[in-house]
Amino acid sequence: MTRKEKYIAACRKSIEKLYDDTCNIYESGLRKDSKTGITKPTADNLVVKNQQCRISFKTISPTNQTESNNKTSQEIKLFIAPELLIKEGSKIVITRNGRTTEYKNSGTPAIYSTHQEIILILVKEYA
């Protein structure tokens, strides 16, 4: 192992020590019904189960707050192993501190030697 490879491995190990969340990743695709033999589209194909990860939250405030406009937004970022292939639009269900929350990813991940970062969007359920 080269010096650079040792350095990357040590950095990755340090980053992964911070992974205190777990996630399941689902993709859209086709699934064959075992009873009828008919292939149907589905959004719940489990592709990764109980993967260690970490999410980070950043609140972004608007630049011009007024009495009528005090909206804020939150950036949610997933940190996960770099070798995983997570397609755009995947559903990602994350368990953190005993609470499970459903997200969808918003786009292409930023992939590094030690990890990948994916911006997530909270999936809100409507009553």
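**Exercise 1. Classify the accessibility of Arg12.**

Solution. Arg12 has a relative accessibility of 22% and counts as partly exposed, where buried means under 20% relative accessible area, exposed means over 50%, and partly exposed lies in between (1.4 Å probe, protein chains only). The model is a predicted one, in which local features need pLDDT of at least 70 and side-chain atom pairs count only at pLDDT 80 or more, while totals for chains, interfaces and linings use all residues. Residues are numbered from 1 along each chain as its sequence is written, and side-chain values use heavy atoms, with hydrogens and water left out.

**Exercise 2. Find the salt-bridge partner of Arg12 and describe how the two residues are placed in helix H1.**

Solution. Start with the rule: a salt bridge is a side-chain nitrogen of Lys or Arg within 4 Å of a carboxyl oxygen of Asp or Glu. Arg12 forms such a bridge with Glu16, and their closest N and O atoms are 2.7 Å apart. Next, look at the helix, bearing in mind that helices (H or I, at least four residues) and strands (E, at least two) are DSSP runs, numbered from the N terminus. Because Arg12 and Glu16 are four residues apart in helix H1 (residues 3–16), about one helical turn separates them. Finally, Glu16 is partly exposed, its relative accessible area being 30%.

**Exercise 3. Decide whether Glu27 is buried or exposed, and describe its salt bridge with Lys87.**

Solution. With a relative accessibility of 13%, Glu27 counts as buried, whereas Lys87 is partly exposed at 46%. The side chains of Glu27 and Lys87 meet in a salt bridge with an N to O distance of 3.7 Å. This pair links distant parts of the chain, since Glu27 belongs to strand E1 (residues 21–32) and Lys87 to the loop between strand E3 (73–80) and strand E4 (91–96), 60 residues apart.

**Exercise 4. Describe what Lys91 meets through its side chain and its charged end.**

Solution. First, the side chains of Lys91 and Asp44 meet in a salt bridge of 2.9 Å, N to O. The two residues come from distant parts of the chain, with Lys91 in strand E4 and Asp44 in strand E2 (residues 39–60), 47 residues apart. Second, the charged end of Lys91 sits over the ring of Tyr26, 4.8 Å from the ring centre; the rule asks for NZ of Lys or CZ of Arg within 6 Å of the ring centre and within 35 degrees of the ring normal.
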